[in-house]
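I opened the model to look up a few places in it, one at a time. My entries follow in the order I made them.

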Amino acid sequence: MKARVSTLILLFILVYAMQGLSVHPVHSESSLSIYGRIVDANSGSPIPGATVIVWDITESKRPKLGAGIYFTDENGEYNVSGPYIIPGHTYRIYAYRGNISTNTFDYVPAKYGDVLILEHSKNVSMKLIPGATILLKGKVYAVETPIQPIRFTVEVNSLEGKPYKLNTNYISEYGDTIDTWFLMLNRYVCIVPANLPVSLTVKSWFVDWRKGGVFPVEFTIKPLKGFVLSQGERITYDISEYGLKRSLNVVNAYIMEVSDKVSKAQRDGFYVAEERVKLIRAQQDVFRAEEYLSNNQYENSFSLLLEVYSKVYGVSRTLDWMRFVSSSNAVYLPAFFAIHSVILAFFIFEDKKKKLISSLILYIIFLISLFWIYPGTRIAATHSFINILSFQVPLFWLTAIASISVTLLVIFGLPRVWKEPEVEGRVPLTSAASIIFSMAKRQIRRRKIRGFFTIFSVIILVLAFTSLTSFGTVYGLVSEGVNVPYRTDGVLVKRPGAVLDGIKNPFTALSPDDVNMLTSILNIKFVAPKVENIPDSKPLGKLESSLGRSIFLFGVLGIAASNETLYVDLNRTVIEGSYLKDQDQNVILISAEAASRLGVKVGEKVNFYVRGVPGIVSTFTVGGIFDDGAFSKLTDINGEVYGPKRMVEAQKALKIVPCNTSDIIIMNWQTALSLQKKAMVLSTSAPTFAAISRITFQPKRWGDLNSIVNTLTLAFDYHVYVSRNNKVTLYRQGFRYEAKGTMEILFPLVMVSLNVGAVMLNAVYERRREMEVLSVVGLNPAHMALLFVAEGIVIGMVGGGIGYLFGLGFYRVMSILGVSLMVREKLEWWWSAVGFALAIAASVLSTIRPAMIAVKMYTPSMIRKLKLTEVERKEREKEVFRVYQARKLSMPVKVLENEAPFFFGYVISRLKELEAGTYERTDNVVEEPEMETPKGEIIKNIRFIHIFVEAGKRYSTRNRVICTKGPEDKAFRVELESEPTEPGIPEKLVERTVKMMRDISIDWLKNKKRIMGLV
């Protein structure tokens, strides 16, 4: 009896519960409902147990059983009524039959569309076609980027590539689609028509991190007879192979493209042996990636392909850099060879006319040689132009003509118009240097065979330095220290942000697939992704408490709770409640100030709204409250501010700054990403408030660090910060300066130095008689030493330029002969100066010892050991350097015609002021009348005597200030003529007169406006 009663009660409860889920379309006029019948599209028979999803689009609430999710009865009918149906709301309705938890379906989902409920109930009936399930697994790989697709869709098509036209509005596209989200399906689930041959078209969209922008990847999965599945059948299909096969083709095509680029560069004259070796190794790695693919090792295959693609990309970037550097530096090389042409001409000939002609001939020969051996000359001569008088003139030829013109003008023309002031008793510097270098040149030419081999050894040195050492810019792995306090051991990876509208974002978003990829191919532990918002000037959303108080949010932070504490002391900032746990999905942390403004305590609930998204996006429980000051001081292991960022306007421009702690919420990183996905589905205008900004981890074995860093930088193009052994190092891909062969060049440098030194030492003993004669005629020890130093300089200058040219040509010869030396061509123009300086330095250093021996041999020992005091040196100069005739010097001033009376008056008054001096004074200051010469020149003179008293002796100079203006001149030029009243007075006294007059002239320039009453 009791069992019967219990059964009746159970049946009553079951019937009562089913009334809300499955009732006939009978409704009262006082209640609104959505009802209908779900039938088989082929047979028209009802489908019992079909799932009907009714989304309330107005409130964007996720449906649940009894409130948005319903089942049909044995007649295939359903009825949705009660409080869930609200007048004025819009509902979107789907129907299918299957089990989401097991991903098995026997009817394909269909969509009715949007239904607006106003005053009447709606009949929404649908037809479903029999279906089966294809569960995709794996990933869509695109070797152009390590980033997983930002969007992924799968179209269910016929074998002809188009959807079937069936008698129902069935869903034919899955993946990242709005229908998939509303159906709450896994993105890899595809429900296909049963008993029909179908194909799958996979479409993905990737962000190209190298070139910018978005590019699509599409491939079709179509077995020979298509996928033909019976109703309710489920199969699993791996799509990884398709993306990898495409990536293999892309890499092979890219290697061929860059190989053609290398061949073209070689034809243009570039030495690209190292680039060819890199491409050969890249092709070998492709074969290894194919083996991984054939063994279904998809992650390893993709990682290796990414490395290959990055290496080939680096070769391409290096080639571009070589072309740019050579073309931009080619315009400077003519100046170097113009100077060297003149040097060679002076070395070979004595006659000035022959020097001039041979300079031009040698320069032309050098330019022709340069045009053949240096690739940048041809590029610069045909691609770089400058507009002159509406004519496009090649920049290279313009600089080539300018270089030789200026060089010849300075060397041959300047000495004709400018001469060094001569002082009696002192040899002019230019004359002394000219004589010494001329003697050095003749000595080298006198010993032709010895001179030839000495210069030849210097040529070999510079050739070896230019062609056998490698100093250049290459694209590859770059490491640099980061000046931040050491915190803990760890590796942080991120991608730097792009610059948009002059603002650099702090990061480029990573994806959850980055986390999965790293954990699958690397041997790492304690992985801690950090999720945060893209900086925005507008609030991302708001938090609202049950009291109706709200705060705007500018920052969202998502963390892997337990692992994050290994790298950042975030848990120590919590002052109330508790720190997050890994399993907390609807729990957040807020700051003490935010809690005060909201009026909430630990354990209370708050609603989370997102800008542009209707309704509440999520409801959170406040699990803990953190200290504002402590949080604002947190930094990541790479030294960056830990908290999220926002944009603010400063001086009419936007800049990125850390968010205020009261504008931040902290939650589980996976929760943040799921809410971001939900917001994007509900509204395309939703801001990006949750994106992975960086991933931190530790290697299980620190010995694997080098391999890990190479993989992360080459394959995934991360910026990798390694915090280890009390320092932080940044590794990244970029241009770096590479040096090879620095130790190897020391051997030829030493050999050349010893050779030149031996030659010079031998010359010292050979030239004893010559040194004795030179000593007798007045050459001092310094002149003796300079003779040998000058000989070394001449050897270095002659050999250095030729050696650099031969070094450039050696690259060309190696390229033609196919010789592969792992060196880089020196394309920058300043390597010519470096090679020139190396040759001179090696030669000069070799002559120092022989020069010192020469000084000791031909200088009396008493004089060698004598060291003069500064006072005695000045006294000797006073006795040695004397003046016997007049000197005429220009003053640094020009006087306009209207300024002349004021200038003459000023000079005379200044000179008369000095008439009262005791030890130094002026006398007989006389202004002579103005006179005019037969040429029409106007001359105005001021005479005065300058008197000095030194050591009881009286000296004086007769001086004349001469102001001359030609008939076409607008201003007087001023000169000072000074002569001793008694021949042989010390030169320094005359220089004091010159200095006094120059000071007066400069004072006039400074004060003439005030003197003339203009101010």
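I began with serine 843 and asked whether it is buried or exposed. Its relative accessibility is 0%, so serine 843 counts as buried (buried is under 20% relative accessible area, exposed over 50%, partly exposed in between, with a 1.4 Å probe and protein chains only). Serine 843 sits in helix H21, residues 830–857. Helices are DSSP runs of H or I with at least four residues, strands are E runs of at least two, and both are numbered from the N terminus. I then listed what serine 843 touches, without its neighbours within four places in sequence: Val458, Val756, Gly792, Ile795 and Gly796. Contact here means heavy atoms within 4.5 Å.

I noted the ground rules next. This is a predicted model, in which local features need pLDDT of at least 70 and side-chain atom pairs count only at pLDDT 80 or more, while totals for chains, interfaces and linings use all residues. Residues are numbered from 1 along each chain as its sequence is written, and side-chain values use heavy atoms, with hydrogens and water left out.

I checked confidence over the chain. The pLDDT, the predictor's confidence in each residue from 0 to 100, has a mean of 83, and 88% of the residues reach 70 or more. Residues 1–30 stay under 50, and the model has 21 contacts for them beyond four places in sequence. Residues 862–866 are also below 50, with 3 contacts beyond near neighbours in sequence.

I took the chain totals. I found 25 helices and 44 strands, and 49% of the 1015 residues count as buried.

I looked at helix H4 (residues 273–294) and helix H5 (residues 298–329). Their axes come within 8 Å and cross at roughly 165°; axes are lines fitted to C-alpha atoms, for helices over the stretch in contact, and angles run from 0 to 180 degrees between N-to-C directions. That makes H4 roughly antiparallel to H5 (under 35 degrees is roughly parallel, over 145 roughly antiparallel, 65 to 115 roughly perpendicular, and the rest oblique). By class, I have 13 nonpolar, 3 polar and 5 charged residues in the contact of H4 with H5. Nonpolar covers Ala, Val, Leu, Ile, Met, Phe, Trp, Tyr, Cys and Pro; charged covers Asp, Glu, Lys and Arg; the others, Gly among them, are polar.

I did the same for helix H6 (residues 333–348) and helix H7 (residues 352–373), whose axes come within 8 Å and cross at roughly 140°. That makes H6 oblique to H7. The contact of H6 with H7 divides into 13 nonpolar, 4 polar and 1 charged residue. Among the residues of H6 that take part are Phe337 and Leu344, and H7 brings residues including Tyr363 and Phe366.

I turned to helix H17, residues 705–715, and asked how many of its residues are buried. The count is 8 of 11, so I have H17 down as mostly covered. Ile708, Val709 and Leu712 are among the buried ones. Aspartate 717 follows H17 and has a positive phi, near 55°.

My last stop was alanine 886, in the loop between strand E37 (882–883) and strand E38 (887–896). Alanine 886 is partly exposed, with a relative accessible area of 39%. It lies 6.7 Å from glutamate 977, C-alpha to C-alpha, though the two are 91 residues apart in sequence. Beyond four places in sequence, alanine 886 is in contact with Ser978 and Glu979.
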